[in-house]
Amino acid sequence: MDPADIRRLDHVHVWHPYTPAHTTNLPVTATDGIHLRLADGRRVIDAMSSWWAAVHGHGHPALVAAATEQIGRMSHVMFGGLTHEPAVRLATRLVDMTGLPHVFFSDSGSVAVEVAVKMALQYSRGIGHPERTRLLTWRSGYHGDTFAAMSVCDPDGGMHSLWAGTLAEQVFAPAPHTDGVGDYLDRFEMLVDATVAAVIIEPVVQGADGMRFHDPALVAGIREICDRHGILYIADEIATGLGRTGEMFATHGAGVQPDIMCVGKALTGGFMSLAATLCTAEVAAAIPTLMHGPTLMANPLACAVAGASLDLLAAGSWRADVARIEAGLRVGLEPLRGLAEDVRVLGAIGVVEMAEPVDTATTTRAALAEGCGCGPSGVSSTPCRPTSARTRRWRRSAAAWQRRCAHDHHGDRHGDGRRQDDRHRGPGQCPARSRDRRAPRQAGTDGTGRGGCGDHRGAHRGARRGVRPLP
Ligand SMILES: Cc1ncc(COP(=O)(O)O)c(C=O)c1O
């Protein structure tokens with residue numbers, strides 16, 4: 001299909017994330033390693049590993065080989081009453097990695113969270129506490145877009161207002177902060193009442209709602225609170241898991257074993273959709289029948305690729321790679337400290353938080369012009385393929401961001417010499433921001449990548465505060 005036709009028909013018919021209908025999006029024709037090939041011939045760095053997923057880079061030969069081998073043998077078979085080697089192999093590996101003996105496969109991170117919530121509620125009933133029907137979490141969290149998942153997302157920045165009266169009412173503690181860990185935990189514990197079945201958090205890094213880091217001591221404290229009250233601790237490791245923060249799982253880095261853990265995103269190295277919810281033997285024992293069963297559950301193709309992806313992590317130098325990226329980000333982003341509200345780095349996550357909202361379309365355009373990323377508001381990227389060039393590429397990204405921040409700081413928010421006031425504001429917003437109802441809902445129409453720009457989850461909310469997660 002001609003690229004112009006792709007764009008046109010996409011605009012007419014295809015709905016993109018967190019947007020109204022009829023947005024304009026950049027056609028991508030191929031991916032390779034850290035690069036996306038755009039239909040207009042440009043080759044740009046995928047600055048957010050396609051929403052944190054492509055941890056080995058795109059098209060890693062080991063994953064291609066696993067997919068090719070598996071698709072020739074068996075692409076899919078239902079999981080009800082049947083099983084297969086790719087699922088069993090993957091489950092076994094996940095059990096070894098997490099120390100949690102039971103694995104429930106599903107098709108996306110949001111569904112993995114739904115399953116975790118079901119597990120917690122069914123467990124509570126199973127142990128004689130049917131009155132425990134709510135979850136406790138902290139503000140500024142993000143856990144997905146399905147209904148139970150949305151109910152534990154940040155109640156202000158999330159979509160609660162859109163779904164008022166429809167979402168389950170959960171219990172919210174203030175957003176985590178690292179001053180006065182003890183005080184914070186005391187206040188947190190006061191929220192545990194007879195209706196709370198479990199605590200769910202993103203351990204150590206709250207990702208999509210602002211890329212905030214917190215003291216691992218908070219995670220340890222939450223584990224203790226859960227133990228004191230006999231309730232479950234659910235670690236949502238969908239974003240933080242599999243090496244992102246420099247630990248294989250952030251909760252383990254905090255020295256804490258959860259009762260339930262969700263993994264997704266990087267599980268298949270970004271090849272296809274697969275997620276898993278794991279739990280302890282105690283949780284499983286209290287649940288007579290787990291009432292969930294996606295049609296493509298434990299899809300053999302996805303499991304085979306995920307197995308190969310975990311093999312790569314097991315055999316590879318991910319820890320050293322992440323440390324190297326972390327060091328590069330620290331050096332590369334340091335000069336921004338004077339221009340930004342905050343600069344922070346953890347593992348392969350770099351964040352530049354601006355004091356004022358950023359214009360995502362402009363930054364997307366500027367990043368594309370630098371060839372350093374389709375979607376500048378994107379979340380960091382964990383290692384792509386280990387090449388010596390990689391560090392230089394990360395530095396290039398950081399340098400491009402420095403230039404952008406300097407522009408913003410000095411009032412040229414467009415990278416073209418115009419000031420913010422000179423410009424029609426509406427179409428300049430990232431359509432992804434429509435997820436935040438307080439943000440404008442205009443579609444991107446100028447063809448500069450807004451429709452596919454940035455990290456949807458971080459971009460629009462982060463943009464509100466000027467948060468810019470970096471490559
Ligand atoms: C912590 C966390 N949980 C859950 C999800 C939802 O995952 P998915 O987009 O695969 O449904 C995300 C996605 O960004 C996430 O970051």
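This is a short tour of a predicted model, from its open sheet to a helix pair, a hairpin and the ligand shell.

**Stop 1: the sheet**

Select the strands β4, β12, β11, β10, β7, β5 and β6. In that order they make an open sheet of seven strands, and the pairing is mixed. Strands of a sheet pair through backbone hydrogen bonds, either parallel or antiparallel. Now go to the edges. They are β4 (102–106) and β6 (171–173), each pairing on one side only. Look along the sheet next. On average, neighbouring strands are turned by 20° against each other, direction ignored.

**Stop 2: one pair inside the sheet**

Select residues 232–236 and 260–263. These are β10 and β11, which pair in the parallel sense over three bridges. Which residue of β11 stands opposite D236? Pick C262: that is the one facing D236.

**Stop 3: the helix on the sheet**

Add α5, residues 109–126. This helix packs on the sheet. Its contacts there are with β4, β5 (134–138), β7 (196–201), β10, β11 and β12 (275–279). The direction of α5 makes about 25° with that of β12. Keep α5 selected; the last stop returns to the helix.

**Stop 4: two crossing helices**

Select α4 (residues 85–98) and α11 (residues 300–315). Their axes come within 8 Å and cross at roughly 40°. An angle of roughly 40° is neither under 35 degrees nor in the 65 to 115 range, so α4 and α11 count as oblique to each other. The crossing is left-handed.

Show side chains at the contact. From α4 come P86, A87, R89, L90 and R93. They meet P300, C303, A304, A306, G307 and L310 of α11. Colour this contact by class: eight residues are nonpolar, one is polar and two are charged.

**Stop 5: the hairpin**

Move to residues 342–346 and 349–353. Strands β13 and β14 pair here in the antiparallel sense, over five bridges. Together they form a hairpin, with two residues between the strands. Click G347 in the turn: its phi is positive, about 55°. Then step back into β13 and pick V345. Its bridge partner in β14 is G350.

**Stop 6: the ligand**

Centre on the ligand and show what surrounds it. How many residues are there in this shell? There are 15, and the closest are G109, S110, G144, I238 and A239. By class, five of the shell residues are nonpolar, seven polar and three charged. Which helix gives the largest share of the shell? Return to α5: it supplies three residues, the largest share.

How values were computed:
Residues are numbered from 1 along each chain as its sequence is written. This is a predicted model: local features need pLDDT of at least 70, side-chain atom pairs count only at pLDDT 80 or more; totals for chains, interfaces and linings use all residues. Two strands pair if DSSP finds at least two bridges between them. Helices (H or I, at least four residues) and strands (E, at least two) are DSSP runs, numbered from the N terminus. A residue is near a molecule or strand if its C-beta atom, placed from the backbone, lies within 6 Å of it. Ala, Val, Leu, Ile, Met, Phe, Trp, Tyr, Cys and Pro count as nonpolar, Asp, Glu, Lys and Arg as charged, and the others, Gly among them, as polar. Axes are lines fitted to C-alpha atoms, for helices over the stretch in contact, and angles run from 0 to 180 degrees between N-to-C directions. Two residues are in contact if their C-beta atoms, placed from the backbone, lie within 7 Å. Angles under 35 degrees count as roughly parallel, over 145 as roughly antiparallel, 65 to 115 as roughly perpendicular and the rest as oblique. A crossing is left-handed if the near helix is turned anticlockwise from the far one by less than a right angle, and right-handed if clockwise.
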